[in-house]
Amino acid sequence: MAQTVLHTAASRGGADHGWLKSHHTFSFGGYFNSERVNFGALRVLNDDSVDGGMGFGEHPHDNMEIISIPLEGALQHKDSMGNVATIELGEIQAMSAGTGIYHSEFNKDKGNPVKFLQIWLFPNKRNVEPRYDQVKIDTPKNSGELVQVLSPNADDAGVWIYQDAWFNLGRLSSGDNITYSLHKKGNGAYIFVLEGEVIVEGQKLGTRDGFGIWDTDTFTITGSAEARFLIMDVPMEF
Amino acid sequence: MQAQTEILVIGTNDVILKTIVRLVNNNILWNATGVSSVSEALSRCKKNHYQVLLIGAGLSEEEEASVRREVSENYPDIRIMLHYGGGSGLLSAEIYLALAQKKAD
């Protein structure tokens, strides 16, 4: 029988640094909840808003797959591998931190905040050579459409990472539904509602609610209002 | 005053190691020492009483297995945690988890 976990938007941890406002679905920084550390290989799901002209100065990472998905605005990225890039809505960025990488992220638009999801997954291999990738992604235009934006395969749609994970952006109108099949035995899915309302396994979810489901092969998402969401299909053991 | 929790951090990336030590030491209840080799880690364990060993980036699989084996066998009170993310928002959670597991032992 499928197992589930609900993390409502209001139950998330938070940090307000003035220039940075962040909601943490899982324990991060000063927010620690032993019941909310990870969902399988999914370790960080931060919903960040960075004020115009502000950002994260150079800082290091290692051994983590780091994915950024802009929701509004643009973020400039510079790293120790020489990459200088700007990511904006309609793109996804992936970094395999591996043996170590330093990077900075800034919102160059002084007049507007940048809003983005910062998602970290435990890698399936430690100490890999660091790598950076950024690709344009389609956004689902029609109700019932899923668009893959991440996978473990370099020749598949979206970015690839060192983990048996698949991310899909989805869209549903009220009354429509999608049946999702997990990609791999032992994987679970974490559904994060970007906006609107959906129902998964009888559980109604609103904007920024998160819902994990595992010990199942498939599940159905039904729209209860115009909704956009992200499905993160990740190993529960890694 | 509450005694500090002694934390040993091992990793071969000097900049990241220094960042981790600095961030851990931001908590006045924690005291971190950074080392960059297995031999140095074991030498430190002989002289000091650590509660947590954080294994950072850069060790080979053999080195990681070796430090895990030696510490588990000779210093079973030390809780061993793999550290992920560099000097990141995960550090505190990793240490809190290690201390919670240690308490439950």
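A compact globule of 105 residues would have a radius of gyration near 13 Å, and chain B, with 13 Å, agrees with that expectation. The model in which this chain appears is a predicted one. Taken along the principal axes, the C-alpha atoms of chain B fill a box of roughly 35 × 30 × 25 Å. Of its 105 residues, 40% are buried. Contacts in chain B with a separation of 6 or more come to 71% from residues 24 or more positions apart.

The secondary structure of chain B consists of four helices and four strands, and read along the sequence these follow the pattern β-α-β-α-β-α-β-α. Helix H4 of chain B, residues 91-104, offers a simple check on geometry. At 1.5 Å a residue, its 14 residues should span 20 Å, and its end C-alpha atoms are indeed 20 Å apart, so the helix agrees with the expected span. The buried residues of this helix are B:Leu91, B:Ser92, B:Ala93, B:Glu94, B:Ile95 and B:Ala98. Their cover includes both kinds of element: helix H1 (14-24) of chain B is part of it, as are strand S1 (5-10), strand S2 (30-35), strand S3 (52-55) and strand S4 (79-82) of chain B.

Chain A is built from other elements: it has 22 strands and zero helices. For its 238 residues, a compact globule would have a radius of gyration near 18 Å; the value for chain A is 17 Å, which agrees. The C-alpha trace of chain A spans about 45 × 40 × 35 Å along its principal axes, and buried residues make up 44% of the chain. Among the contacts in chain A between residues at least 6 apart in sequence, 70% join residues at least 24 apart.

Two domains divide chain A, namely domain 1 (12-136) and domain 2 (145-235). Their centres, taken over C-alpha atoms, are separated by 20 Å. To the contact between them, domain 1 of chain A brings 20 residues and domain 2 of chain A brings 19 residues. On the domain 1 side, strand S4 (42-50), strand S6 (65-72), strand S9 (91-96) and strand S12 (131-136) of chain A each supply at least two residues. By class, this side of domain 1 of chain A has 12 nonpolar, four polar and four charged residues.

Two of these strands, S4 and S6 of chain A, also lead to strand S11 of chain A. Strand S11 (residues 114-121) of chain A is largely enclosed by the rest of the structure, because six of its eight residues are buried. Eight bridges join S4(A) to S11(A), and the two strands run antiparallel; within this pairing, A:Asp48 stands opposite A:Phe116. S6(A) likewise runs antiparallel to S11(A), with seven bridges between them, and here A:Ile67 has A:Ile119 as its bridge partner.

A single residue of strand S4 of chain A, A:Asn46, gives a closer view of this region. A:Asn46 has 22 other C-beta atoms within 10 Å, and since 20 or more suffice for a residue to count as buried, A:Asn46 is buried. Leaving aside neighbours within four places in sequence, A:Asn46 is in contact with A:Ser22, A:His23, A:His24, A:Phe28 and A:Gln118. A:Pro60, by comparison, lies 14 residues from A:Asn46 along the chain, and the C-alpha atoms of the two are separated by 18 Å.

Elsewhere in chain A, seven strands form an open sheet with mixed pairing, in the order S1-S20-S17-S22-S15-S13-S14. Strand S1 (3-7) and strand S14 (159-160) of chain A are its edges, each pairing on one side only. Within the sheet, strand S17 (residues 187-195) and strand S20 (residues 210-214) of chain A run antiparallel and are joined by four bridges. One of the paired positions is A:Tyr190, whose bridge partner in S20(A) is A:Gly212.

It remains to consider how the two chains meet. The contact takes 20 residues from chain A and 19 residues from chain B. On the chain A side, strand S5 (residues 55-61) of chain A gives the most, with three residues. By class, the side of chain A that touches chain B has eight nonpolar, 10 polar and two charged residues.

Terms used. Residues numbered from 1 in each chain as written. Chains lettered and ligands numbered in written order. Predicted model: local features only at pLDDT ≥ 70, side-chain atom pairs only at ≥ 80, totals over all residues. Pairing = 2+ DSSP bridges. Contact = placed C-beta atoms within 7 Å. Nonpolar A, V, L, I, M, F, W, Y, C, P; charged D, E, K, R; others polar. Domains from an automatic or database assignment. Buried ≥ 20, exposed ≤ 12 C-beta atoms within 10 Å, placed from the backbone. Rg over C-alpha atoms; globule rule 2.2 N^0.38 Å. Expected span 1.5 Å × (residues − 1).
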